[in-house]
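Biologist: I should like to request a close look at a single part of this chain, together with whatever that part touches. Please explain each term as you use it, for a first-year student.

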Amino acid sequence: MGINLKPIDIVDDITREEFIEKYLKPRKPVVIKNMARKWPAYQKWTMDYMKEVVGDVEVPLYDSSKADPAAPINASAAKMKFTDYVDLIQREPTDLRIFFFDPIKHAKKLLADYISPKDLMGGFLDKYPSMFFGGKGSVTFLHYDIDMAHIFHTHFNGRKHILLFDYKWKERLYKIPYATYALEDYDIENPDFTKFPALDGVEGIECFLEHGDTLFMPTGWWHWMKYLDGSFSISLRAWDKSWAVKAHSLWNLTVQRKFDDVMKKNFKKKYMDWKEKVAVKRAEIALKRGLPK
């Protein structure tokens, strides 16, 4: 059977009423083609422009290697001047990525280049939204966002391949306990169903973003991303109205993260090995029970 991927819904434009009824309330992803075409960023945000306005600030870089059990979450693999990194991803493939970077902190003029889609929904969180840069071939591992926000993810200067999975598939995706990411031993793009049988039959959505496309990714959706070109994205985040979702976010950011940090610090590889075994066991149970229903 394999993984059952359906194409994402794509619209050129959408009204507030349509967005709320078809995508926000049912928490269903959609690509909006024309949203960012109304932004100054659509024309202005080239690689050279970003280099010019952000400058030589040093940035942490992340690669595709498996997480070090002893390292804190989101520990970087290297550092580089921002301008040198942009030159690198324009020049050649690399698995190095900039993750959750705030270039607007260094270049306030970027604030005038995008528009939060408040005509579609409220609750936007960030005064300074995060940006993500990647070289051709670089991959963001399968995870969901710890704060459980809704995300409007707009891509620039290239193409990005995205796989999305509803939160209900978490056990079948081999979710790591006390974390928001999946077991890193399989390739979701080309999984080995013999080694990871719980992935067989998982249902998801496939998406390809081009320059100026905006992906609406509802709260809790798992996502895997691959840069098909050296390029970058900006994410605008908004709260879900549900108090249960807000409580889940608070739990993730405080109790769960603190507990996980303490356990990793004290037990390192032993703790990580235990978490991976639990992820496999839970996946096997979910598969045997035919979950999710």
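Modeller: Tyr178 is found in the loop between strand 10 and strand 11, a loop that also holds Phe196 and is flanked by residues 160–165 on one side and 203–209 on the other. Helices (H or I, at least four residues) and strands (E, at least two) are DSSP runs, numbered from the N terminus. The model is a predicted one, in which local features need pLDDT of at least 70 and side-chain atom pairs count only at pLDDT 80 or more, while totals for chains, interfaces and linings use all residues. Residues are numbered from 1 along each chain as its sequence is written, and side-chain values use heavy atoms, with hydrogens and water left out.

The backbone of Tyr178 deserves attention: its phi is positive, about 55 degrees, although the residue is not a glycine. Most residues other than glycine have a negative phi. Tyr178 counts as partly exposed, at 35% relative accessibility; buried means under 20% relative accessible area, exposed over 50%, and partly exposed in between (1.4 Å probe, protein chains only).

Phe196, in the loop with Tyr178, is buried, with a relative accessible area of 11%. Leaving out residues up to four places away in sequence, Phe196 touches Tyr174, Leu183, Asp185 and Tyr186, where contact means heavy atoms within 4.5 Å. The C-alpha atoms of Phe196 and Glu276 are 13 Å apart in space, although 80 residues separate the two in sequence.

From the loop, one can pass to helix 5 by way of Asp260, which touches Tyr178. Asp260 has its place in helix 5, residues 243–288, and it is buried, with a relative accessible area of 6%. Besides Tyr178, the residues that Asp260 touches, not counting those up to four places away in sequence, are Tyr271 and Lys275. Both of these also make polar contacts with Asp260 through their side chains: the one with Tyr271 is 2.6 Å, and the one with Lys275 is 2.8 Å. A polar contact is a pair of N or O atoms within 3.5 Å; within protein, one must be able to donate a hydrogen and the other to accept it, and residues adjacent in sequence count only if both atoms are side-chain atoms.

After helix 5 comes the segment that holds Pro292. There a cis peptide bond joins Leu291 and Pro292, with omega about -5 degrees. Most peptide bonds are trans.

For comparison with Tyr178, one may look at Arg27, which has its place in the loop between helix 1 (16–24) and strand 3 (30–32). Arg27 also has a positive phi of about 55 degrees without being a glycine, and it is partly exposed, with a relative accessible area of 30%.

Finally, the loop may be set within the whole chain, which has five helices and 14 strands. Of its 293 residues, 51% count as buried. Among contacts between residues at least 6 apart in sequence, 82% join residues at least 24 apart.
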